[in-house]
Amino acid sequence: MSILLEEKQRAFAELREIKANLAARGWFPATSGNLSVRVGGFEASAFTFAITSSGRDKSVQTPEDFLLVNEKGLPTEATSLKPSAETLIHSEIYRLTGAGAIFHVHTIFNNLASELYAERGSIPVDGVELIKAFNIWDEEAQIEIPILPNFADIPRIAELVEGAIVPRIPGIVLRKHGIYAWGANAFEAKRHLEAFEFLFEYVYRLHVMKK
């Protein structure tokens, strides 16, 4: 068995497990969301990653849930499957961060928080313990989670990714859309995603309490 085939099978297995876990939380409503894991090396100019195929019900497991694409978001193997419409955003994040995995979900709280702070351009979080999930250990740490506009034209969003990335914040929110969270591997990306979702709910509920 080739190294690439082994890496592909490992990536698909990781994605299958993560997909089931997040689907059970209701984080993929109406076939939304997408997941990817890098396959092979970590070059910035040429790389391959496994990503969820477009339009699939993520609450069930099928042999057609994932495919391999290159750094341009194009399939690397002959397939009838289509990669997620947002594959170009994944490509940019991989290119710019060297991440090993990227998870994107749509939830009520990440949508509400993004709309609440849309004009600010970032979601402020002040002194919440789970900021430490991002390896930020400052006492009473304050962070700003970037928000990008949710254009219908995905390449327009992809062009904005580089300017939005904050090195110590492993995530970007699309306004009234969802969060892209990444990490060095699938375990770390999942930890970051869970932390973001906790923080979004905290920020929104705190806002409501203060009204």
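Select histidine 192 and arginine 191 to begin. The side chain of histidine 192 makes a polar contact with the side chain of arginine 191, at 3.4 Å. Keep in mind that this is a predicted model.

**Around histidine 192**

Stay on histidine 192, which sits in helix H5. Is histidine 192 buried or exposed? Its relative accessible area is 5%, under the 20% cut-off, so histidine 192 counts as buried. Now show its neighbours. Leaving out residues up to four places away in sequence, histidine 192 touches Ala133, Phe134, Pro170, Ala181, Trp182 and Gly183.

**Along helix H5**

Select residues 186-210. This is H5, a helix of 25 residues. From the first C-alpha to the last, H5 reaches 36 Å. That is close to the 36 Å expected at 1.5 Å a residue.

Go to the N-terminal end of H5. Which residue caps this end? Asparagine 185 does. Put a distance on the cap: a side-chain oxygen of asparagine 185 lies 3.3 Å from the backbone nitrogen of phenylalanine 187.

Next, colour the buried residues of H5. They are Ala186, Glu188, Ala189, Lys190, His192, Leu193, Ala195, Phe196, Glu197, Leu199, Phe200 and Val203. Charged residue names such as Glu188, Lys190 and Glu197 are on that list.

**Where H3 meets H5**

Add residues 108-116, helix H3. The axes of H3 and H5 come within 8 Å. They cross at roughly 55°. An angle of that size is neither under 35 degrees nor in the 65 to 115 range, so the two helices are oblique to each other. H3 passes H5 in a left-handed crossing. Show side chains on both helices. From H3, the contact is made by Phe109, Asn110, Leu112, Ala113 and Leu116. From H5, the partners are Glu197, Phe200, Glu201, Tyr204, Arg205 and His207.

**Tyrosine 204**

Pick tyrosine 204, on the H5 side of this contact. Outside the residues up to four places away in sequence, tyrosine 204 touches Phe109, Leu112 and Leu116. With 24% relative accessibility, tyrosine 204 counts as partly exposed. Now add isoleucine 123. How far apart are tyrosine 204 and isoleucine 123 in space? The C-alpha to C-alpha distance is 10.0 Å, and the two are 81 residues apart in sequence.

**Serine 114**

Keep isoleucine 123 on screen and select serine 114, in helix H3. Isoleucine 123 is one of the residues that serine 114 touches. The others, again not counting residues up to four places away in sequence, are Ile147, Val173, Leu174, Arg175 and Lys176. Serine 114 is buried, with a relative accessible area of 0%. Where does its side chain point a polar atom? One lies 2.8 Å from the backbone oxygen of asparagine 111.

**Two loop residues with positive phi**

Finish in the loops. Most residues other than glycine have a negative phi. The next two stops have positive values.

Select threonine 31. It lies in the loop between helix H1 (3-24) and strand S1 (34-39). Its phi is near 65°. Threonine 31 is partly exposed, with a relative accessible area of 36%.

Then select asparagine 135. Which strands flank its loop? They are strand S5 (122-126) and strand S6 (142-148). The phi of asparagine 135 is about 60°, although the residue is not a glycine. Asparagine 135 is partly exposed, and its relative accessible area is 48%.

How values were computed. Residues numbered from 1 in each chain as written. Predicted model: local features only at pLDDT ≥ 70, side-chain atom pairs only at ≥ 80, totals over all residues. Heavy atoms only, no water. Helix = DSSP H or I, 4+ residues; strand = E, 2+ residues; numbered from the N terminus. Expected span 1.5 Å × (residues − 1). Buried < 20%, exposed > 50% of the residue type's maximum accessible area, 1.4 Å probe, protein only. Polar contact = N/O pair within 3.5 Å; in protein donor to acceptor, adjacent residues only side chain to side chain. Contact = heavy atoms within 4.5 Å. Axes fitted to C-alpha atoms, helices over the stretch in contact; angles between N-to-C directions. Parallel < 35°, antiparallel > 145°, perpendicular 65-115°, else oblique. Left-handed = near helix turned anticlockwise from the far one by under 90°.
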